[in-house]
There are 2 protein chains.
Amino acid sequence: MKTTPELSAGQGDVYSANCPSRAALALIGSKWALLIVPLLAEQPVRNNELMRRIEGISQKMLTQTLRELERNGLVERHDHRTVPPHVEYRLTPLGHSLSSTLVVLDRWAEQHYPALLAAQHDFDQAESGDS
Amino acid sequence: MKTTPELSAGQGDVYSANCPSRAALALIGSKWALLIVPLLAEQPVRNNELMRRIEGISQKMLTQTLRELERNGLVERHDHRTVPPHVEYRLTPLGHSLSSTLVVLDRWAEQHYPALLAAQHDFDQAESGDS
DNA sequence: CAGCATCCATGTAGATACTG
DNA sequence: CAGTATCTACATGGATGCTG
């Protein structure tokens with residue numbers, strides 16, 4: 001029985017600076033991918049609807065993130081080639097497998113952010129009050 | 001008293017730009033927190049060992065991330081106040097609850113990065129080859 | 001509607017040197 | 001050993017205007 005499992009040792013893990021899993025982690029942990037992927041898990045969504053449902057994202061970052069997700073095989077882009085343009089984004093099977101863990105992360109944030117805010121308050125109080 | 005606010009839609013979710021859960025998500029999804037938290041889940045770790053085990057992190061980013069995690073109630077800092085200094089970091093219960101989802105994310109990256117690399121290859125091929 | 005190009009402000013992160 | 005301080009390079013990301 002290993003107390004330090006394969007998580008922390010050797011090649012092929014996220015703790016190795018040169019392992020590509022680092023880059024993968026950076027992609028899937030990026031600010032907007034964290035929101036886009038779980039949203040696409042429900043059903044295919046168009047560019048414009050993504051803009052509306054993800055508050056605060058810019059067209060630039062949306063396209064940029066979608067492209068990167070597409071490039072990594074997590075998202076498929078379907079251009080209906082109509083006028084006016086109609087482009088749908090949907091998850092690949094690989095994207096769905098990722099989404100199932102990302103939704104858990106999103107829900108963790110939604111459920112626990114009050115605790116984080118409370119902790120921040122206490123911490124900042126102690127900071128200003130210590131002598 | 002409601003300890004768990006509405007989680008479903010509208011306010012209180014990560015898709016609302018003004019919701020603090022966005023900031024929470026940014027913290028827990030940050031490059032280094034993604035690595036530090038699961039590592040601390042195993043057992044308390046000292047600063048120096050974190051530096052060694054997390055390849056590529058700088059002292060600055062390590063301290064900075066640990067501080068932010070501490071401020072948000074995810075990590076506890078134990079200063080033994082000895083000479084030479086001996087400081088241990090460990091997860092709080094809240095931190096452990098987060099860690100259980102982060103380890104899944106880390107493992108996803110480790111398991112699927114070959115698929116991402118393959119997709120990148122195909123995508124880049126198609127890019128340069130399309131007409 | 002979808003998206004690209006450009007400019008520009010800010011944030012992030014590394015290197016280095018110094019301190020309790 | 002465990003930080004802090006400072007400076008700087010670079011990436012991130014927003015605003016705007018234009019195109020198919």
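**Exercise 1. How many residues of chain B are in contact with how many residues of chain A?** Then work out how much area goes into that interface and what kind of surface it is.

*Solution.* Keep in mind that this is a predicted model.
- Start with the count: 54 residues of chain B touch 58 residues of chain A, with contact taken as heavy atoms within 4.5 Å.
- Next, the area: the two chains bury about 5000 Å² between them, and 67% of that sits on carbon and sulfur atoms.
- Now look for the big losers in chain B: B:Tyr15, B:Arg71 and B:Trp108 give up the most area to chain A, together 16% of what that side buries.

**Exercise 2. Find the polar links across the interface of chain B and chain A, then say which elements build chain B's side.**

*Solution.*
- Polar contacts come out at 20 residue pairs between chain B and chain A, both partners at pLDDT 80 or more.
- The salt-bridge rule gives two hits across this interface. One of them pairs the side chains of B:Asp124 and A:Arg71, at 2.6 Å from N to O.
- On chain B's side, the elements giving two or more residues are helix H1 (20–28), helix H2 (33–42), H4 and helix H5 (93–129). H5(B) has the largest share, with 21 residues.
- Sorted by class, that side has 30 nonpolar, 13 polar and eleven charged residues.

**Exercise 3. What turn and what shift lay chain B on chain A?**

*Solution.*
- The superposition takes a turn of 180° and a shift of 0.0 Å along the axis, with an RMSD of 0.0 Å. The two copies are thus related as by a two-fold rotation axis.
- To find the axis in chain B, go to B:Gly29: its C-alpha comes closest of that chain's residues, at 2.6 Å.
- Then check the surfaces: 96% of chain B's interface residues are also interface residues in chain A, so the copies meet through the same surface.

**Exercise 4. Which residues are closest to DNA strand C, and which part of the strand do the protein atoms face?**

*Solution.*
- In total 16 residues surround the strand, and the closest are A:Arg46, A:Asn48, A:Arg77, B:Lys60 and B:Pro85.
- Of the strand's atoms within 4 Å of the protein, 69% belong to sugar or phosphate, the rest to bases.
- Now zoom in on phosphate oxygens: a side-chain N or O atom of A:Arg77 is 2.5 Å from one, a polar side-chain atom of A:Tyr89 lies 2.9 Å from one, and for B:Ser58 the distance is 3.5 Å.
- By element, H4(A) supplies the largest share of the surface near the strand, three residues.
- By class, this surface has six nonpolar, five polar and five charged residues.

Methods: Residues are numbered from 1 along each chain as its sequence is written. Chains are lettered from A and ligands numbered from 1 in the order in which they are written. This is a predicted model: local features need pLDDT of at least 70, side-chain atom pairs count only at pLDDT 80 or more; totals for chains, interfaces and linings use all residues. Side-chain values use heavy atoms; hydrogens and water are left out. Copies are superposed by least squares on the C-alpha atoms of residues with pLDDT of at least 70 in both. A residue is near a molecule or strand if one of its heavy atoms lies within 4 Å of it. A polar contact is a pair of N or O atoms within 3.5 Å; within protein, one must be able to donate a hydrogen and the other to accept it, and residues adjacent in sequence count only if both atoms are side-chain atoms. Helices (H or I, at least four residues) and strands (E, at least two) are DSSP runs, numbered from the N terminus. Ala, Val, Leu, Ile, Met, Phe, Trp, Tyr, Cys and Pro count as nonpolar, Asp, Glu, Lys and Arg as charged, and the others, Gly among them, as polar. Buried area is the accessible area (1.4 Å probe) that two parts lose on being put together, summed over both. A salt bridge is a side-chain nitrogen of Lys or Arg within 4 Å of a carboxyl oxygen of Asp or Glu.
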